[in-house]
Amino acid sequence: MVEEKDIKKVVVYTRVSTTEQAEEGYSLENQERECRAYCEIRGYEVVGVYSDRGISAKDIKNRPGLIEALRTIRNKEVQGIVVWKMSRLSRNAADTANIIEMVKKHNGAIIGVKDSISTVGGFSTAMVTISGVFAEMERESIITQVKGGMREKARKGEWNGGMVPLGYELVDKKLVIQPQQAELIVRIFNSYLKGAGYKTIAKELNEEGYKTKKGMLFSGNSIKLILTNITYAGKIRWGKLNNWSYEDENGSRKRQYSDNVIEADGIHEAIIPMKVYNKVQEMIATNPRHHVKQFKGDHIISGLLRCPKCGYGMSVQPKKVKGKVYWYYECGQYINKKAGCKPNLVPKEQIEEQFYDVFERIVNDPKFSGKILDGLSNTSYQIKNKRQIEKNTQQEINGLKKKQGKLIDELLEGDELYKQAIRSKIQEVNVQISEKQEKLQKIVRQIEGLEKETINLEEVSEILRSVGKVLKLMPKDTQRKIVTKLISKIEVEEKSIKAIHFNFSDSFSISEDTVNLTTNKCAPFLGLMSVRNKSG
C-alpha cells in the first residue's frame with residue numbers, strides 16, 4: 001500500500017479523444033497544466049508526461065501513451081500516475097480494475113486531480129473501480145446521446161458530417177454549393193440521362209482533367225455513387241450504417257447496416273431537381289447494362305492475360321453490337337477508370353483457342369517436360385547424396401573391421417596386462433562398428449523411401465501431354481484451376497499470345513526452332529516461354 005509520504009516521483013498522463021474536447025477545455029495542454037499545478041502543491045516531481053491524442057478511452061489497446069506510463073510504474077521509475085480525471089485513464093470498467101491491480105502490485109498509485117479520487121494510502125480503491133464503471137456507462141450514454149443528436153439533426157435536414165460531396169463545400173457546418181463543381185454534377189446527371197454509361201462518363205471527365213473530391217481520377221464506381229447520392233436532390237439521408245462500436249471476435253470493426261434510415265428535406269440547396277434524380281434512379285434500376293449475365297469460371301485466362309500497353313491484368317467484358325453480345329478481354333485499368341490506358345480489346349474466343357493450341361505444343365516439348373520435372377522434384381539429387389553417404393559409411397565400417405582384425409592379432413602376443421589393454425581397445429572398436437552399422441541401416445531405409453517417391457519421367461511427361469490434349473474438354477472451372485496453378489501471366493501482342501510465364505523452375509525458353517508455335521488462326525507465337533521461381 002502506497003502512502004502519501006512514499007510518493008516522490010510521478011508521471012502525468014493526458015488524453016483527448018476528439019477535437020471537440022480540445023475546444024471545450026479538455027485539451028492536452030490544459031490537462032497537463034492542472035496536473036503539474038497539483039503535483040507542485042503536493043511536492044511530487046514530474047519526470048515525464050505521456051499523452052494519447054484523438055484516441056478513445058474505450059479500452060487500453062492502441063494507446064501507446066498509457067502503456068508507456070504504466071511501464072514506468074512496472075520499472076519502479078515512479079511511484080504514481082497523475083491524471084486530470086479518472087475518465088482519462090479508461091472508460092472500460094474491466095480495464096480500470098486491471099490497471100489498479102497492476103499499479104498496486106508494483107507499489108504505485110493512481111491520482112485523479114479533478115475528481116479527487118486516488119489509490120494513495122489504500123483510500124478510494126473501490127471508488128476508482130466504481131469510477132471506471134460510471135465512465136463506461138458515461139461512454140455508452142455519450143454514444144446514445146450523440147446518435148440521438150445526429151438523428152435529430154438529420155430530421156431537421158442538417159449535414160451530419162463525413163466527406164462533403166463533390167459540388168458542395170462546408171461553411172459554418174452547412175452545405176453550400178460550389179458553382180464550378182455543381183456544374184460538373186449537372187453534367188454527369190445529364191450525360192447519364194442521354195444514355196452514357198458510368199465508365200464513359202468517367203472517361204470523358206478524366207480526359208478533360210477533372211478530379212474527384214479526393215483529387216483522384218473518376219471511375220465507374222465513383223460516377224455511380226454520385227448518381228445515387230440523394231444529397232444532390234436537396235435531401236439528407238442518415239442512419240444507413242448502424243452500431244458504431246461493433247467489433248468481431250478478433251477486435252476488428254465491422255459495418256452493420258440499418259433498415260431504419262432517416263430521409264428528410266435538407267436545409268441545403270439542391271443541385272439536381274428531385275424529378276431528375278428519380279428518373280436517373282429508375283434508369284439505373286432498369287438499365288440492362290447493369291444486369292448483363294456474367295460467366296462464372298468460364299474465363300480460363302482472365303487476370304493472367306496482360307494488357308500489351310500497361311501490363312494490367314485483362315478481364316472479360318461483354319460488348320453489345322446490333323443486339324448481339326460479344327465477349328472480349330479488356331484492359332483492367334481501362335475497365336476501372338476509363339483512363340490511363342485504352343481498352344486494347346482481344347476477342348475471347350480467338351485468344352483462348354490460341355492458348356489451347358500453344359499450351360498443348362509447349363507441354364509436349366521434351367525440354368519443357370524435363371525442366372518442369374527438375375523444378376518439381378529434387379528426389380534424384382537426394383538419392384545421389386544419400387548413396388554417397390552410404391558409400392562413405394561402409395568404407396568407415398570396413399576400416400574399423402580391419403583395425404579390429406589387427407587388434408585380435410595383437411592378442412597372440414604380450415603378457416596378460418597387455419592383452420587386457422588390447423581387449424579394451426577391441427571393445428571400443430566394436431561399439432564404433434555397431435554405431436556405424438546402425439547409421440548405415442538408417443541411410444539404406446531413407447534411400448528405399450526416396451526411391452518409392454521417385455517421379456517417373458515418362459509417366460509425368462505423359463500426364464503433361466494428356467493435360468495438353470484434354471484441357472479443352474474439361475469443365476471450365478477445372479481448366480481454370482489447372483491453368484492458374486501452372487501459369488503466372490500471359491503476354492499478348494497484336495491480339496496474339498507473345499509469351500507464357502510459368503510458376504515453377506528456373507528461367508527457361510523454347511525457341512522457334514525447337515517448337516513451331518504457329519497456327520492458321522493466329523499470328524505467329526514468338527516461341528518464348530518464361531518459367532520463374534515464385535520464391536525468387
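In the predicted model, the side chains of Asn229 and Thr231 are joined by a polar contact of 2.8 Å. Asn229 lies in the loop that runs between helix 9 (220-227) and strand 8 (235-238). With a relative accessibility of 22%, Asn229 is classed as partly exposed, because burial requires a value under 20%. Apart from neighbours within four places in sequence, Asn229 is in contact with Pro165 and Tyr277. The C-alpha atoms of Asn229 and Tyr277 are 8.9 Å apart, although 48 residues separate the two in sequence.

Helix 9 and strand 8, the elements on either side of this loop, also contribute to the largest nonpolar core. This core holds 32 residues, of which Ile185, Phe189, Phe218, Ile223, Ile226, Leu227 and Tyr232 touch the most other members. Two or more residues come from each of helix 7, helix 8, helix 9, strand 8 and helix 10 (274-286). The largest contribution, six residues, is that of helix 7. Beyond four places in sequence, Ile185 touches Leu166, Gly167, Ile226, Tyr232, Ile271 and Ile272. A second core, separate from this one, has 29 residues, including Leu304, Val316, Leu486 and Ile500.

Helix 8 (residues 198-207) has Tyr198, Ile201, Ala202, Leu205 and Asn206 as its buried residues. Viewed down the helix axis, these residues fall within an arc of 130° and so line one face of helix 8. In an α-helix, residues three or four places apart point the same way, because there are 3.6 residues a turn. Gly209, just after helix 8, takes a positive phi of about 90°.

A positive phi is also assigned to Asp172, near 55°, in the hairpin of strand 6 and strand 7, where two residues lie between the strands. Strand 6 (residues 168-171) pairs with strand 7 (residues 174-177) in the antiparallel sense over four bridges. Within this pairing, Tyr168 has Ile177 of strand 7 as its bridge partner.

Strands 13, 14 and 15 form an open antiparallel sheet in the order 13-14-15. Strand 13 (314-321) and strand 15 (346-347) are the edge strands, each pairing on one side only. Eight bridges connect strand 13 to strand 14 in the antiparallel sense, and Val316 stands opposite Tyr329 of strand 14. Val316 is also among the residues of the second core. Glu330 is located in strand 14 (residues 324-331). Its relative accessibility is 3%, so Glu330 counts as buried. Contacts of Glu330 beyond four places in sequence are with Gly313, Met314, Ser315, Gln317, Lys319, Ile335, Pro343 and Leu345.

Confidence varies along the chain. The mean pLDDT of the protein is 76, and 69% of the residues score at least 70. Helix 7 (residues 179-193) has the highest confidence, at 95, whereas strand 18 (residues 528-531) has the lowest, at a mean of 38. For residues 243-255 the pLDDT is below 50, and this stretch has 22 contacts in the model beyond near neighbours in sequence. Residues 291-296 likewise stay under 50, with nine contacts beyond four places in sequence. Predicted coordinates should not be read in detail where pLDDT is low.

Terms used:
Residues are numbered from 1 along each chain as its sequence is written. This is a predicted model: local features need pLDDT of at least 70, side-chain atom pairs count only at pLDDT 80 or more; totals for chains, interfaces and linings use all residues. Side-chain values use heavy atoms; hydrogens and water are left out. pLDDT is the predictor's confidence in each residue, from 0 to 100. Contact means heavy atoms within 4.5 Å. Buried means under 20% relative accessible area, exposed over 50%, partly exposed in between (1.4 Å probe, protein chains only). The arc is that of the directions from the helix axis to the C-beta atoms. Two strands pair if DSSP finds at least two bridges between them. A polar contact is a pair of N or O atoms within 3.5 Å; within protein, one must be able to donate a hydrogen and the other to accept it, and residues adjacent in sequence count only if both atoms are side-chain atoms. A nonpolar core is a set of buried Ala, Val, Leu, Ile, Met, Phe, Trp, Tyr and Cys residues joined through side-chain atoms within 4.5 Å.
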